Every structure is written in structure tokens, then in C-alpha cells.
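Here are my comments on the model you sent, set out point by point for reading alongside the coordinates.

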Amino acid sequence: MQTYFDDFNADFTCKHCGHYVSARTEVSGVVNRNHCPYCLHSRHVDLFEPGDRLCACKGVMAPIGLTVKRSRDKYASGLRGELMLVHRCTACGVFSINRIAADDDAVRILNSLRWGSDEIMDHRQARKIRLLTNADLALVEFRLYGLQVPTTS
Amino acid sequence: MQTQTSDPYAYGVVYKKNLGHYHVHTNSQVVLCSLSAKLWKDFEYSGGKGGRKKRVTNTREKHMDPVAIGDRVRVQLADDQTGVILKVLPRQNKLTRQSAKPMPGAHAFEQVIAANLDQVVPVFAAANPEPRWHMLDRYLVAAEHHRLPVQIAITKFDLVHNTPAEAALLTAVDRYRQIGYPVTLTSANAQLGLDELREIITDKTSVLVGKSGVGKTSLLNAIEPDLGLRVKEVNQTTGKGRHTTTHLEMFPLAAGGAIIDTPGVREFGLYGLTPDEVAECFPEMRPLLGQCRFGHSCRHEEEPGCAIRQAVMDGTISPYRYKSYLRLKVDL
């Protein structure tokens, strides 16, 4: 019998688009599948650390943009790190940064460059995150398709 | 603890049992008793669809026991200090758990750990073995279900005192104290908190419950040094207890009252609870029941306008307790 806490390693149905999503590592390319590859939406279930499942909010987390992960002062500046997806909870407004999976919709990820708005940057937590913009299109394409070496650093 | 009646009958309290024999403390003597055939024949248990009462019909069900430690019983006495238990008097309360299932999907029975109690003392070790707070929540829910007061005892506190693990332990302890559960930090080796615990259990009938190796019997030995009960160290390789105590027994306390020592348990299934009733067994959730948008129909999982989820978000209810609540509902 599938239980509530098996969700962490189990398949799920997206709360936003209704697609059935496989959480198997060989499909997603990541160990912890945490968002829908079709609409990129996620759920707010973790509170203190990834996987703790302590949050009672359970709201839908919408993708709001992209950032890059840095080993030091991560998410702040520099463009050499791993491409990451920024989520914000539609219920309580909390931000979360998640890895992009191998089977994520690449076109939708590219479109997400246009989603970043100035409004969210007023948020205290969001100010630590450097959202990528259209100026970083070459970098995102490189990360997604390996087409072009970025000139910015 | 006992009342008198005319010979050859007597009333007494069951204080020890093993292998079908029951040690009953009557007015002035200890009687080794067996069960009357009629008691077995009339023994009913809750089973089948809708909690319908059933009777023991085959040997597979004979592991169920109509008599529990703490039961007040009517005994027919023989001349050689033996007797037969004829009747179990109505219980004031009981602490029960769900029996282990012989195979997946099999029917689980009710196991009465002890009856006619004044309080339950869940015992957890501060370290070695590490405390499992979800297990404590199970004991608390079982006690709340039977309307039994709880006194939490943390043993081996000297192992974490002045270490980084102490802060994490005290944070968890505060979580339960804020809900209203009294917690005593003890150490049998360092003689810590024993007077406080002794005062709490005096003149009451208490039962010690907890997993193997947490120090239930060591705590009892420290409180009542004359008992001299057998204890062992936990296994250094696995970090688990060695199941040294193998039977249930009630011990009278010198200062008054009695305490029941139990063998350590690996799992503690809740019996007789439905998922809808679990929230009532969490004292911090009880005042919020019925205040959700969907009223008493709310499952407190993902429903919009849930007052309990909102309280967790506000910090009124601990997220760890809420997670325990969800896990308990799934396990039922």
C-alpha cells in the first residue's frame, strides 16, 4: 500500500497540470524528483531541509525563474554553477531552489527567463537570489543544449 | 488493592503472569492460579467486521489473554496455595496495543499490557539507543485514547549532559512540556532525577513502557534498590537492547503504590483507534477540532481552510507532532 510518506520516492500526479510523473531515477536523471517536468510546478512540503516533509502548507509552488548555483555564496552572482529552477509557494510565498531534471521541458525552462519580475525581488529572501534574465539566454541554452559557450563570467 | 470474601473464594490483584499461570496477590497470601475453563469459554474479543464481538474458537487465537497485569480477579482457592481465576472484575482502564500480525493482512488482536492504572510512564533513553520521538507519540496517543495521565521519563541523561546532543534533546523535551506532558530527566548511573520520579510514582499504579535497552528496569532498580532486577548493557555492535526483561510484573513500592515493569517492545501498534479519532488524542489539536472550513469532516491533510494546518504554519503546533499525526493515521 502506498503511503503518504512514500511520496518522497514514489510517482505522483501533478497538482497543477494533472500529468502523471514518474519519480524513477533512470527517467528523471535525478535522485529526488521534486517538480513536474511538464509544467515545472512543485509542492511546498519541506520546512527546514530538503526531504524533511515537515511543512503543513502543501501549497503549489510555481516556477518563477532560473538561477545558477555557486559553491560559495550560492545563488548570489557568477554564472559558472549549475542551472537551477526557482520556485515560489503560491499559498505562503516561500522561495525554494531546485535542481533541473533531465526530462524537464527545455522550452518551458527557456521561457522561464521572461517570468522573473521586479515585484518578487522586493522579498527579503529573494534578494539573495540572482534571477537570470534574457541577457543570460546564451548561458541557459548552453546549459540546456550545449550549443554555445557563454561569454559572460 | 484487595477486598475480602468468604472462603474458599477470594479477591485479589494479578501481579505477575507467565506461561498460563497467574500470580495473584490476595488478602494475605500469594496464590498461583490458572484460568477456569468457563472464563475461556465466555471470553469475548473485538474482531470481525464492525468490531463485532467474537469468541475464541481455535488454538490460533489462544495467544490472547483474558487476564492482564493489574486486573482484579475473583479466585477459588485450593489447599496448596493454588487457585483458579473465576472472574475478572470490570476494569477501570487499560493500556493496550495491537498484537503483531503473523502475516501481512492477518487480523490483529488487542493485547492488554496492563489494567487499572493511574498513569503511564513512557521511558526513553537520551542516547544509546537514540530516542525515537514518533514512538513516544504513539505511547502518548495510546494513553490519551484510554484517558490515562502520562509522565515521560528520559533516562541516561548523563550520556548527553554537556555535549552538543544535549541542546537537541532539550528542544524536543520542551516541545512536549509546552503541550502539557511532564518530562523528568533521569540517570540511574548518575543518580539524577530519581527523587523527582519517586515522588511522582508514589501512591499510584504506574506502568513503564519503552523499547528494549532504554533502561526501564535500571530505572526501577535505582528507585527501589531492594528489587535487584536483572539488567544488561545494550549491544555495543547494534546499539540495541538485549530484551533482558521477558515478562510483565508489578512491584509494590516501599513508599506506597506499585509499578509495572514491561519487556521492551520493537513496535507499538495502536488498537481500537480509527484515523478520524487520532486528532482527538493530540491535546494541542483538540481545541481546534471542528474549526476547519469543512468542520469535523476535515482530514487535516490537504483541505483548504484547515485550522490545524494553519496552527502548524503559525507555530502553535509543532511540525514534528503534525508529521507524527499524519504517520499514525497512515499506519492505522
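1. For the order of elements that follows, helices (H or I, at least four residues) and strands (E, at least two) are DSSP runs, numbered from the N terminus. This is a predicted model, and every remark below should be read with that in mind. Chain A has four helices and six strands, and from the N terminus on its elements follow the order β-β-α-β-β-β-β-α-α-α.

2. On the packing of chain A, 25% of its 153 residues count as buried. Where contacts in chain A link residues at least 6 apart in sequence, 47% of these contacts join residues at least 24 apart.

3. Turning to the contact between the chains, eleven residues come from chain A and eleven residues from chain B. The side of chain A that touches chain B is made up, by class, of eight nonpolar, one polar and two charged residues.

4. In chain B, the strands β10(B) and β11(B) run parallel and are joined by three bridges, with B:Val123 having B:Ala153 as its bridge partner in β11(B). Together with α2(B), these two strands make a right-handed β-α-β unit.

5. A further right-handed β-α-β unit is made by β11(B), helix α3 (residues 164-179) of chain B and β12(B). Here β11(B) is joined by three bridges to strand β12 (residues 183-185) of chain B, the two running parallel, and the bridge partner of B:Ile152 in β12(B) is B:Val183.

6. Which way do the residues of strand β11 of chain B point? B:Ile152 and B:Ile154 point one way while B:Ala153 and B:Thr155 point the other way, and all are buried. This can be read against the general rule that in a regular strand the side chains alternate between the two faces of the sheet.

7. Some backbone details deserve a look in the viewer. The peptide bond from B:Asn128 to B:Pro129 is cis, with omega near 0°, and B:Pro129 is located in the loop between β10 (119-125) and α2 (133-145) of chain B.

8. Two residues that are not glycine have a positive phi, namely A:Arg53, at about 55°, and B:Asn116, also at about 55°. A:Arg53 belongs to the loop between β3 (42-43) and β4 (60-68) of chain A, whereas B:Asn116 lies in the loop between β9 (110-115) and β10 of chain B.

9. Are these two residues buried or exposed? A:Arg53 is partly exposed, because 16 other C-beta atoms lie within 10 Å, and B:Asn116 is likewise partly exposed, with 19 other C-beta atoms within 10 Å, where 20 or more would make a residue buried.

Notes. Residues numbered from 1 in each chain as written. Chains lettered and ligands numbered in written order. Predicted model: local features only at pLDDT ≥ 70, side-chain atom pairs only at ≥ 80, totals over all residues. Buried ≥ 20, exposed ≤ 12 C-beta atoms within 10 Å, placed from the backbone. Contact = placed C-beta atoms within 7 Å. Nonpolar A, V, L, I, M, F, W, Y, C, P; charged D, E, K, R; others polar. Pairing = 2+ DSSP bridges. Right-handed = clockwise from strand over helix to strand, strands pointing away.
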